[in-house]
Amino acid sequence: MLTLHKPDEIFSLRHLPTWLMLTFAAGCVNAIALVACERFVTHVTGTVTRLGMEVARVRVLLDFAIVLASFIAGAMASSALINARAHRGKRPLHAAPLVMVAVATAGVALAGHAGLLGSFGGTVDEPGDFVLLSILGFASGLQNAAVATSTGLLVRTTHLTGPATDLGIHLVELAYVQGDAKRTARRHALLRGGKILAFAVGAAAGVTLAHRIEYLAFLVPAAIVLTGTVLSFLHVGKDDRPALGTPSQPGEPRVAAAPST
């Protein structure tokens, strides 16, 4: 896997806000989707749970299977634009998946506002609800895979189970390590804690917007994703200075470091 950001760059003053913005956007999308059709959409745990629960209702089970497949398809599309192109000797398109996320999310906002996705609110009982969930699931898969690939699997932005686990691990490390190890653990803990807070704030913003402007609320996370893309996925190079470490050197995409959730 080829990465766009070295580990130190992930914590730089330029890129750290991007991970928080993307996580905020995911929390916002998740909350709006919940208000729209009582389903979470930026992670797959709930979707897979419903697959098991709906085993007696084949049609509903197939609907949730499509939502799950959409998330996986989004991750695959992101990998095709980044990893597959690199394997073919072409320039990885690190920004393209996130631009697609912004376009898809904005498209949902406009299509819903035009009445193409059914009524806003209530349970999942209309075809438009599963179209909505599938598009948002695809976009979430795109975003999660793009960020994970670009950071060498060090950052995820659409779910919190891994980050919450990492936060607990790094908090304990802070009590026992010293020197550079302590600085690294502090940076990781602050990033994970910040992402949890950003997701919650994004959810609060999303539910507020959803009750006021319904489908158009999706325009807000779309704009935030696009802003983060411009900040950290376009023209990445010589001005990237880690906030708490040695300035990194510009260069071509690097081989990923050891993975972390």
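In which kind of crossing, left-handed or right-handed, does α5 pass α6? The crossing of α5 past α6 is left-handed, a term used if the near helix is turned anticlockwise from the far one by less than a right angle.

Welcome to this predicted model, where local features need pLDDT of at least 70, side-chain atom pairs count only at pLDDT 80 or more, and totals for chains, interfaces and linings use all residues. Residues are numbered from 1 along each chain as its sequence is written, and side-chain values use heavy atoms, leaving out hydrogens and water.

Let us stay with that helix pair. Helix α5 covers residues 96-113 and helix α6 residues 127-150; they pack at about 160 degrees with axes 9 Å apart. The two are therefore roughly antiparallel (angles over 145 degrees). Their contact (heavy atoms within 4.5 Å) includes Pro 97, Leu 98 and Met 100 of α5 and Leu 132, Ile 135 and Phe 138 of α6. By class, this contact of α5 with α6 has 13 nonpolar, two polar and no charged residues.

Now for two loop residues, both partly exposed (from 20% to 50% relative accessible area, 1.4 Å probe, protein chains only). Each has a positive phi though it is not glycine.

| Residue | Loop | Phi | Relative accessible area |
|---|---|---|---|
| Glu 38 | between α2 (16-37) and α3 (45-53) | near 60 degrees | 41% |
| Glu 214 | between α8 (179-213) and α9 (219-232) | near 50 degrees | 40% |

Finally, the cysteines. Cys 28 is buried (under 20%) at 0% relative accessibility, and Cys 37 is buried with a relative accessible area of 0%. The whole structure has zero disulfides (pairs of cysteine sulfur atoms within 2.5 Å).

Terms used. Axes fitted to C-alpha atoms, helices over the stretch in contact; angles between N-to-C directions. Helix = DSSP H or I, 4+ residues; strand = E, 2+ residues; numbered from the N terminus. Parallel < 35°, antiparallel > 145°, perpendicular 65-115°, else oblique. Nonpolar A, V, L, I, M, F, W, Y, C, P; charged D, E, K, R; others polar.
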